[in-house]
Amino acid sequence: NPDQPKYLSKFDHASSCDPVYVVGNTAYVTLRSGTRCQGFTNQLDILDVSDLRSPSQISTFAMDNPHGLSIVDKTMYLCEGIYGLKVYDVTDNKKIELKSQIKNHHAFDVIALDSNLLMMIGDDGFYQYDISDPLQLKELSRIEVQR
């Protein structure tokens, strides 16, 4: 009942306030250092949430500085701060694979609208990418921001 949510469970991990992205029975959790939440680690945790009363960790992967993420099919688009936007194959949750990377952005957050369009925000602006080929992202447009 959305009007009366009930506590079911929790999953303890390092202190952090970064995003959780859920696809089916799998949750992808980014944890990063350098935040006001006192985070001290840079990692991606993948959890099995098929039993909401007992989530369990599938795997953990070291990251550079993970921020927001979005997933389309078995492709994960992960913002890594000053390290740019990275594209991972997440077909196997125990062994993800880096497929491509755009290094020239300080990437904060990303939303894939469908299997063709991705929006990304960075410290220098807002970008749209054609992601129909996840190995060859094509910049469609940008709105530059100067601070």
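## A polar pair at Gln43

The side chains of Gln43 and Asp45 make a polar contact, at 2.8 Å. That comes from a predicted model, so read it with the cut-offs for such models in mind: side-chain atom pairs count only at pLDDT 80 or more.

Where does Gln43 sit? Strand S3, residues 43-48, is the element that holds Gln43. Is Gln43 buried or exposed? Gln43 has a relative accessible area of 16%, and because buried means under 20%, Gln43 counts as buried.

What is Gln43 in contact with, once neighbours within four places in sequence are set aside? One run of partners is Val29, Thr30 and Leu31. Another includes Thr60, Phe61, Ala62 and Met63, and Pro66 is on the list too.

## The sheet from S5 to S8

Next up is an open sheet of four strands, in the order S5-S6-S7-S8, paired antiparallel. Strand S5 (69-72) and strand S8 (97-102) are at the edges; each has a single partner strand, so one side of each has no neighbour in the sheet. From one strand to the next, the twist averages 20°.

Take one pairing inside that sheet. S6 covers residues 75-79 and S7 covers residues 85-89; the two run antiparallel and are joined by five bridges. If you want a spot to click on, Met76 stands opposite Tyr88 in S7.

## S10 and its two partners

Now for strand S10, residues 117-122, which pairs with S9 as well as S11. Starting with S9 (residues 107-112), the pairing with S10 is antiparallel and spans five bridges. A hairpin of four residues links S9 to S10. Within this pairing, Ile111 has Met119 in S10 as its bridge partner.

With S11 (residues 125-130), S10 again runs antiparallel, and here six bridges do the joining. The hairpin from S10 to S11 goes through two residues. Ile121 finds its bridge partner in S11 at Phe126.

## Two faces of S10

Which residues of S10 point to the buried face? The side chains alternate along the strand: Leu118, Met120 and Gly122 point to one face and are buried. Leu117, Met119 and Ile121 point to the other face and are not buried.

Put that next to the bridges. Met119, the partner of Ile111, belongs to the face that is not buried. Ile121, which pairs with Phe126, points to that face as well.

Technical notes
Residues numbered from 1 in each chain as written. Predicted model: local features only at pLDDT ≥ 70, side-chain atom pairs only at ≥ 80, totals over all residues. Heavy atoms only, no water. Pairing = 2+ DSSP bridges. Axes fitted to C-alpha atoms, helices over the stretch in contact; angles between N-to-C directions. Buried < 20%, exposed > 50% of the residue type's maximum accessible area, 1.4 Å probe, protein only. Polar contact = N/O pair within 3.5 Å; in protein donor to acceptor, adjacent residues only side chain to side chain. Contact = heavy atoms within 4.5 Å.
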